[in-house]
Amino acid sequence: MHDARPHPSVILFDGECHFCRAWVTFVIRHDPRGTFRFAPRQSDAARRLLAPFGVAPDALGSIALIAGPTLSTRSDAVLQICTQLGFPWRMVSWLAVIPRPLRDIGYAWVARNRHRLSWRRVRCRMAGPEESDRFLR
């Protein structure tokens with residue numbers, strides 16, 4: 001697929017989690033400009049992208065965002081992703097007024113329960129030709 005050269009915004013996700021794959025599908029559907037690239041946390045691309053931050057992929061939660069020189073995790077990552085998706089998803093950014101420790105409690109609950117929250121099984125997403133360059137390996 002595509003190599004792991006830095007991109008403006010790369011979403012790292014748990015490739016073994018149905019909920020996380022559903023989130024990736026949601027982002028792709030609502031990101032017509034192709035702002036985001038994606039890499040499963042278990043991939044070589046994720047290890048290469050995280051090396052400058054001194055973070056191992058297993059130390060991440062379920063979702064992280066690398067935007068330029070910045071690594072965002074937990075609720076910060078979700079809020080930044082939603083903000084970049086535009087209206088109406090940008091409206092979620094008002095949650096930033098809640099202190100991060102409180103937001104992260106909610107994020108931690110979802111992350112802990114994400115396997116149970118997958119009310120439907122999401123099949124492994126196979127990127128079509130128009131999306132294949134958005135997934136890093």
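Met91 sits in the loop between α3, residues 74-85, and α4, residues 100-117. This is a predicted model, so that applies to everything I say here. Met91 has a relative accessible area of 49%, which makes it partly exposed. Together with Phe87, Trp94 and Val97, Met91 makes a nonpolar surface patch of about 550 Å².

Staying with that loop, one peptide bond deserves a look. Phe87, a member of the patch, is joined to Pro88 by a cis peptide bond, with omega at about 5°. Pro88 is placed in the loop between α3 and α4. Just after α3 there is also Gly86, with a positive phi of about 90°.

Now back into α3. The helix has 12 residues, and the distance from its first C-alpha to its last is 17 Å, close to the 16 Å expected at 1.5 Å a residue. Which residues of α3 are buried? They are Ser75, Asp76, Ala77, Leu79, Ile81, Cys82 and Leu85. Arg74 is also in helix α3. Its relative accessibility is 41%, so Arg74 counts as partly exposed. Arg74 is not a glycine, yet it has a positive phi of about 50°.

Arg74 also brings us to the salt bridges, of which the structure holds six. Arg74 pairs with Asp104, and the closest N and O atoms are 3.4 Å apart. That pair links distant parts of the chain, with Asp104 in helix α4 and Arg74 in helix α3, 30 residues apart. On the α4 side, Asp104 is buried, because its relative accessible area is 14% and the cut-off for buried is under 20%. Asp76, which I listed among the buried residues of α3, belongs to a network of salt bridges with Arg100 and Arg103.

Next, the bridge between Arg41 and Asp14. Their side chains meet at 3.8 Å, N to O. Again the pair links distant parts of the chain: Arg41 is in the loop between β2 and α2, residues 44-50, and Asp14 is in the loop between β1 and α1, 27 residues apart. Are these two residues buried or exposed? Both Arg41 and Asp14 are buried.

The bridge between Asp44 and Arg47 is a local one in sequence terms: both residues lie in helix α2, three residues apart, about one turn of the helix. Their closest N and O atoms are 2.4 Å apart. Asp44 has a relative accessibility of 44%, so it counts as partly exposed. Arg47 is partly exposed as well, with a relative accessible area of 41%.

The spacing follows a general rule. An α-helix has 3.6 residues a turn, so residues three or four places apart point the same way.

There is an aromatic case with that spacing in α1. Trp23 and Phe26 both lie in this helix, residues 18-29, and they are three residues apart, about one turn. The count of aromatic pairs comes to three. Why does the pair of Trp23 and Phe26 count as stacked? Their ring centres are 5.5 Å apart and their planes are at 20°, and planes under 30 degrees apart count as stacked. Ring pairs link Trp23 and Phe26 with Trp89 into a cluster. Trp23 counts as buried, because its relative accessibility is 17%.

As for the rest of α1, the helix has 12 residues and reaches 16 Å from first C-alpha to last, close to the 16 Å expected. Besides Trp23, its buried residues include Cys20, Arg21, Val24, Thr25, Val27 and Ile28.

Before α1 comes Glu16, placed in the loop between β1, residues 9-13, and α1. Glu16 has a relative accessibility of 60%, so it counts as exposed. Glu16 and His115 are 99 residues apart in sequence, while their C-alpha atoms are 9.6 Å apart in space.

Last, Arg37, in strand β2, residues 37-40. Arg37 is buried, since its relative accessible area is 19%. What lies 2.8 Å from a polar atom of the Arg37 side chain? The backbone oxygen of Gly34 does.

Notes
Residues numbered from 1 in each chain as written. Predicted model: local features only at pLDDT ≥ 70, side-chain atom pairs only at ≥ 80, totals over all residues. Heavy atoms only, no water. Phe/Tyr/Trp six-rings, centres within 6.5 Å; stacked < 30°, edge-to-face > 60°. Helix = DSSP H or I, 4+ residues; strand = E, 2+ residues; numbered from the N terminus. Buried < 20%, exposed > 50% of the residue type's maximum accessible area, 1.4 Å probe, protein only. Patch = residues over 30% accessible without salt bridge, like charges linked within 9 Å, V, L, I, M, F, W, Y side chains within 5 Å. Areas by Shrake-Rupley, 256 points an atom, 1.4 Å probe, with all protein chains shown as cover. Salt bridge = Lys/Arg side-chain N within 4 Å of Asp/Glu carboxyl O. Polar contact = N/O pair within 3.5 Å; in protein donor to acceptor, adjacent residues only side chain to side chain. Expected span 1.5 Å × (residues − 1).
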